[in-house]
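Q: Please take a close look at one part of this structure, the place where the two chains come together, and describe it for someone who has not seen it before.

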Amino acid sequence: MGLVRKQAPQQPEEALPDRPPVETLLAQLDDPDPDCRREAALGLADITTAVPDLLARVGTEDDPRVLESMLTTLAAHDTEDVAGGLAVHLTSDEAGLRTAVAAALATMPRSVPALLPNLLAAPDHDVRVMTAMILADLQHPEAHDWLVRMICQDPHPNVVTGAIDALLPSATEDDADLLRDAMARFPDDPFLRFTVNSALPRLTGTA
Amino acid sequence: MTSDTATRARVLVVDDAATVRLYHNSLLSEAGFEVSEAANGLEAVEASLSAEFDLYVVDVNMPKMNGYTCVETLRSETVGTAAPVVMISTEDRPGDADRAYQAGANLYLVKPVAGDRLVRVATMLTAGREEAA
């Protein structure tokens, strides 16, 4: 699957004169009213000291709108600490959480590359599938190369198929052999075969 | 399956990956189903409010509205469909299938799903519709 491409996080404003004190906003993160929690999460944009409090609530927040606001605020920091704190949720049992976290990580091109060696080597192949989804939308010059590496090396067909799906929008004729090799590695995978056979005519100009 | 459009079972394929939608669409269309597509759970719910489907084939990990929430909404009063739902995902951890069934799915399959199996399952799950018609 791919992710909805989000706009790059906006730079924090220099001054937010009407913003409540940070302590007040942190307290509001535990307010029973989701609108209040959402307002607090957005109000804590660019407050570095609020990062641990926000990260601690990502796994427990049950309102999707509040969670999205928290992730938007956190992703704007784009630091390795935040990315690492978010990446642990890629194994969550909650589909909404792991998908939202993946979407947030896809907007963090400065910090996510440092996580990639571990993500690409994750023993849980579902984490590696999610990594392919992140790379599909990550605005980074090496995203294509990482996807190629996944296609060439990953032992699980679902990961390879996910990486191919992520690569296809930017694939060129130069990637045709890569796709053929992937199909040869997993000759019994029907969806991988379909994906490659559907893409090759376009890549090679024989459509 | 009959090729008569008026009696063909209508399937909604819900997946954010265009290649997956294309794959499932081509398999089911070739088998005689009338296939529509939705790119996420929200689109699926919207489509279900304006049209009736005899079967849903739903991915789990999707933006905007994930598969579990989608199925729960399809089963809720918002949509209220009793049509069978097949969830298909890469997730094969313990509990994933239980989560799907709790949401209201009739079947949980782990990718990759062989084409003939998907068609077989779709035919089986829509057979009641034909008998009831």
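A: A word on confidence comes before the close look: pLDDT is the predictor's confidence in each residue, on a scale from 0 to 100. This is a predicted model, and for chain B the mean pLDDT is 89, with 92% of its residues at 70 or more. For the model, the ipTM is 0.71 and the pTM is 0.82.

The contact draws 24 residues from chain B and 21 residues from chain A. On the side of chain B that touches chain A, the elements that give two or more residues are α1 (18–30) and α3 (67–75) of chain B. The residues on that side of chain B are of mixed character, with 9 nonpolar, 8 polar and 7 charged.

Of these two helices, α3 of chain B can be followed further inward, since its buried residues are known by name: B:Gly67, B:Tyr68, B:Cys70, B:Val71, B:Thr73 and B:Leu74. The cover over these buried residues includes α6 of chain A, and it also includes β1 (10–14), α2 (41–50), β3 (55–59), β4 (85–89) and α4 (96–103) of chain B.

The helix from chain A in that cover leads on to the largest nonpolar core, which has 99 residues, and the members that touch the most others are A:Leu105, A:Ala132, A:Leu147, A:Ala163, B:Val11, B:Tyr56 and B:Met87. The largest share of this core, 8 residues, comes from helix α6 of chain A, which covers residues 95–105. Around one of the core members, A:Leu147, the contacts beyond four places in sequence are with A:Ala132, A:Leu135, A:Ala163, A:Ala166 and A:Leu167.

Stepping back to the chains themselves, chain A has 12 helices and 0 strands, and its C-alpha trace spans about 60 × 35 × 25 Å along the principal axes. Of the 207 residues in chain A, 43% count as buried, and among its contacts with a separation of 6 or more, 64% join residues that are 24 or more positions apart.

For chain B, an unreviewed UniProt entry lists residues 10–126 as "domain: Response regulatory". That span is 44% helix and 21% strand, and its end C-alpha atoms lie 9 Å apart.

Technical notes. Residues are numbered from 1 along each chain as its sequence is written. Chains are lettered from A and ligands numbered from 1 in the order in which they are written. This is a predicted model: local features need pLDDT of at least 70, side-chain atom pairs count only at pLDDT 80 or more; totals for chains, interfaces and linings use all residues. Helices (H or I, at least four residues) and strands (E, at least two) are DSSP runs, numbered from the N terminus. A residue is buried if 20 or more other C-beta atoms lie within 10 Å of its own, exposed if 12 or fewer, and partly exposed in between; C-beta atoms are placed from the backbone. Two residues are in contact if their C-beta atoms, placed from the backbone, lie within 7 Å. A nonpolar core is a set of buried Ala, Val, Leu, Ile, Met, Phe, Trp, Tyr and Cys residues joined through C-beta atoms within 7 Å. Ala, Val, Leu, Ile, Met, Phe, Trp, Tyr, Cys and Pro count as nonpolar, Asp, Glu, Lys and Arg as charged, and the others, Gly among them, as polar. UniProt positions are given in the numbering used here, feature names are shortened, and annotations may be inferred rather than shown by experiment.
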